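This report describes the structure shown below. It begins with charged pairs along a helix and then turns to the chain as a whole and to its buried parts.

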Amino acid sequence: MKKIIILAMALLAVAGTANAQKAEKQITTTVFITDIDCEGCVKKIYDNFFGKGVKSIKCDVPTKSVAVTYDAAKNTPEGLMPAFKYLKVKVYEHMTVEQFEEYKKKNPVSANHGHGHGHKH
(Lines give C-alpha, C1' and ligand atoms only; values in the text may rest on other atoms or scores of the structure.)
Protein backbone atom coordinates (compact mmCIF):
# COMPACT_ATOMS: atom_id res chain seq x y z
CA MET A 1 0.00 0.00 0.00
CA LYS A 2 2.85 2.37 0.87
CA LYS A 3 4.42 1.68 -2.52
CA ILE A 4 1.19 2.63 -4.31
CA ILE A 5 0.90 5.89 -2.36
CA ILE A 6 4.55 6.78 -3.00
CA LEU A 7 4.17 5.93 -6.70
CA ALA A 8 1.01 8.03 -6.96
CA MET A 9 2.73 10.98 -5.26
CA ALA A 10 5.72 10.67 -7.61
CA LEU A 11 3.43 10.62 -10.65
CA LEU A 12 1.58 13.69 -9.40
CA ALA A 13 4.88 15.52 -8.87
CA VAL A 14 6.04 14.69 -12.40
CA ALA A 15 2.68 15.67 -13.89
CA GLY A 16 2.73 18.94 -11.94
CA THR A 17 6.20 19.77 -13.25
CA ALA A 18 5.18 18.99 -16.84
CA ASN A 19 2.09 21.16 -16.54
CA ALA A 20 4.11 24.03 -15.04
CA GLN A 21 6.56 23.84 -17.95
CA LYS A 22 3.73 23.66 -20.49
CA ALA A 23 1.95 26.65 -18.93
CA GLU A 24 5.12 28.75 -18.89
CA LYS A 25 4.59 31.59 -21.34
CA GLN A 26 7.25 33.43 -23.28
CA ILE A 27 5.66 36.85 -23.71
CA THR A 28 7.54 39.02 -26.18
CA THR A 29 6.89 42.11 -28.28
CA THR A 30 7.85 42.57 -31.93
CA VAL A 31 7.58 45.95 -33.64
CA PHE A 32 6.57 45.93 -37.29
CA ILE A 33 7.33 48.95 -39.51
CA THR A 34 4.35 49.26 -41.83
CA ASP A 35 2.59 51.53 -44.29
CA ILE A 36 -0.14 52.66 -41.82
CA ASP A 37 -0.78 56.38 -42.19
CA CYS A 38 -4.07 57.27 -40.53
CA GLU A 39 -6.47 56.41 -37.72
CA GLY A 40 -8.56 54.40 -40.20
CA CYS A 41 -5.60 52.07 -40.67
CA VAL A 42 -5.20 51.81 -36.90
CA LYS A 43 -8.88 50.98 -36.40
CA LYS A 44 -8.70 48.30 -39.09
CA ILE A 45 -5.78 46.68 -37.25
CA TYR A 46 -7.33 46.94 -33.78
CA ASP A 47 -10.65 45.53 -34.99
CA ASN A 48 -9.35 42.70 -37.17
CA PHE A 49 -5.79 41.64 -36.26
CA PHE A 50 -5.50 37.95 -35.43
CA GLY A 51 -2.78 35.53 -34.46
CA LYS A 52 -2.23 32.64 -32.14
CA GLY A 53 -0.98 33.79 -28.74
CA VAL A 54 -1.49 37.53 -29.44
CA LYS A 55 -1.96 39.42 -26.16
CA SER A 56 -2.02 43.06 -27.28
CA ILE A 57 -1.42 45.42 -30.18
CA LYS A 58 -0.24 49.02 -30.12
CA CYS A 59 -0.22 51.16 -33.27
CA ASP A 60 1.63 54.44 -33.75
CA VAL A 61 0.86 56.40 -36.92
CA PRO A 62 3.79 58.89 -36.80
CA THR A 63 6.34 56.05 -36.69
CA LYS A 64 4.14 53.77 -38.85
CA SER A 65 4.75 51.04 -36.29
CA VAL A 66 2.62 48.23 -34.95
CA ALA A 67 3.88 46.60 -31.74
CA VAL A 68 2.45 43.12 -31.23
CA THR A 69 2.83 41.43 -27.86
CA TYR A 70 2.40 37.65 -28.05
CA ASP A 71 3.39 34.34 -26.56
CA ALA A 72 6.57 33.29 -28.38
CA ALA A 73 5.83 29.67 -27.49
CA LYS A 74 2.77 29.94 -29.76
CA ASN A 75 3.85 32.31 -32.54
CA THR A 76 6.72 34.09 -34.30
CA PRO A 77 7.09 37.39 -36.19
CA GLU A 78 6.84 35.44 -39.45
CA GLY A 79 3.75 33.66 -38.13
CA LEU A 80 2.05 37.04 -37.61
CA MET A 81 2.65 38.18 -41.19
CA PRO A 82 -0.53 36.59 -42.64
CA ALA A 83 -2.63 38.89 -40.42
CA PHE A 84 -0.95 41.96 -41.94
CA LYS A 85 -1.36 40.53 -45.44
CA TYR A 86 -5.05 39.81 -44.81
CA LEU A 87 -5.56 43.42 -43.67
CA LYS A 88 -3.60 44.69 -46.70
CA VAL A 89 -1.03 46.35 -44.44
CA LYS A 90 2.45 46.28 -45.93
CA VAL A 91 5.27 45.36 -43.54
CA TYR A 92 8.72 46.69 -44.43
CA GLU A 93 10.61 45.14 -41.52
CA HIS A 94 10.21 43.87 -37.98
CA MET A 95 12.44 44.21 -34.91
CA THR A 96 12.65 43.94 -31.15
CA VAL A 97 11.55 46.82 -28.95
CA GLU A 98 15.21 47.63 -28.23
CA GLN A 99 16.03 47.70 -31.94
CA PHE A 100 13.00 49.93 -32.52
CA GLU A 101 14.28 52.47 -29.98
CA GLU A 102 17.54 52.68 -31.96
CA TYR A 103 15.59 52.84 -35.23
CA LYS A 104 13.60 55.84 -33.95
CA LYS A 105 16.82 57.68 -33.05
CA LYS A 106 18.15 57.19 -36.57
CA ASN A 107 14.82 57.87 -38.31
CA PRO A 108 13.07 60.83 -36.65
CA VAL A 109 9.46 61.24 -37.75
CA SER A 110 7.08 64.09 -38.24
CA ALA A 111 3.50 64.02 -37.04
CA ASN A 112 2.53 65.39 -40.47
CA HIS A 113 2.53 62.39 -42.78
CA GLY A 114 1.52 64.22 -45.93
CA HIS A 115 -1.90 62.66 -46.43
CA GLY A 116 -1.07 61.78 -50.01
CA HIS A 117 -3.05 58.58 -49.89
CA GLY A 118 -6.29 57.70 -51.59
CA HIS A 119 -8.51 56.39 -48.85
CA LYS A 120 -11.11 58.24 -46.81
CA HIS A 121 -10.81 59.18 -43.16
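## Charged pairs in helix H4

Helix H4 holds both Lys 105 and Glu 102, which are 3 residues apart, or about one turn of the helix. The model is a predicted one, and in it the side chains of Lys 105 and Glu 102 form a salt bridge, with an N to O distance of 3.4 Å. Lys 105 has a relative accessible area of 62% and therefore counts as exposed, while Glu 102, at 40%, is partly exposed.

A second salt bridge in this helix joins the side chains of Lys 104 and Glu 101, at 3.5 Å from N to O. Lys 104 and Glu 101 are 3 residues apart in helix H4 (residues 97-106), so about one helical turn separates them. Both partners are partly exposed: Lys 104 has a relative accessible area of 33%, and Glu 101 has 37%.

An α-helix has 3.6 residues a turn, so residues three or four places apart point the same way. Side chains of opposite charge can pair when their charged atoms come close.

## A salt bridge in helix H2

The whole structure contains 3 salt bridges. Besides the pairs in H4, Asp 47 forms a salt bridge with Lys 43, and their closest N and O atoms lie 2.5 Å apart. Asp 47 and Lys 43 belong to helix H2 (residues 39-48), where a spacing of 4 residues places them about one helical turn from each other. Lys 43 is exposed, with 52% relative accessibility.

## The chain as a whole

The protein chain comprises 4 helices and 4 strands, arranged along the sequence in the pattern α-β-α-β-β-α-β-α. Of its 121 residues, 27% are buried. The chain exposes about 8,500 Å², and carbon and sulfur atoms supply 58% of that area.

Among contacts with a separation of 6 or more, 68% are between residues 24 or more positions apart.

## The two sides of helix H3

Which residues of helix H3 (residues 77-86) are buried? They are Pro 77, Leu 80, Ala 83 and Phe 84. Viewed down the axis of H3, these buried residues fall within an arc of 100°, and they therefore line one face of the helix. The face turned away from the buried side carries the exposed residues Glu 78, Lys 85 and Tyr 86.

The buried residues of H3 pack against four strands: E1 (27-34), E2 (54-60), E3 (65-71) and E4 (91-96). After H3 comes Lys 88, which has a positive phi near 60°.

## Tyr 70 in strand E3

Strand E3 includes Tyr 70. Is Tyr 70 buried or exposed? Its relative accessibility is 3%, so Tyr 70 counts as buried.

Neighbours within four places in sequence left aside, Tyr 70 is in contact with a set of residues that includes Ile 27, Thr 28, Thr 30, Val 54 and Lys 55. Pro 77 and Leu 80 are also among the contacts of Tyr 70, and both are buried residues of H3. A polar contact of 2.8 Å links the side chain of Tyr 70 to the side chain of Thr 30. Tyr 70 and Lys 25 are 45 residues apart in sequence, with a C-alpha to C-alpha distance of 9.3 Å in space.

Key: Residues are numbered from 1 along each chain as its sequence is written. This is a predicted model: local features need pLDDT of at least 70, side-chain atom pairs count only at pLDDT 80 or more; totals for chains, interfaces and linings use all residues. Side-chain values use heavy atoms; hydrogens and water are left out. Buried means under 20% relative accessible area, exposed over 50%, partly exposed in between (1.4 Å probe, protein chains only). Helices (H or I, at least four residues) and strands (E, at least two) are DSSP runs, numbered from the N terminus. The arc is that of the directions from the helix axis to the C-beta atoms. Contact means heavy atoms within 4.5 Å. Accessible areas come from the Shrake-Rupley method with a 1.4 Å probe; for residues, only the protein chains shown count as cover. A polar contact is a pair of N or O atoms within 3.5 Å; within protein, one must be able to donate a hydrogen and the other to accept it, and residues adjacent in sequence count only if both atoms are side-chain atoms. A salt bridge is a side-chain nitrogen of Lys or Arg within 4 Å of a carboxyl oxygen of Asp or Glu.
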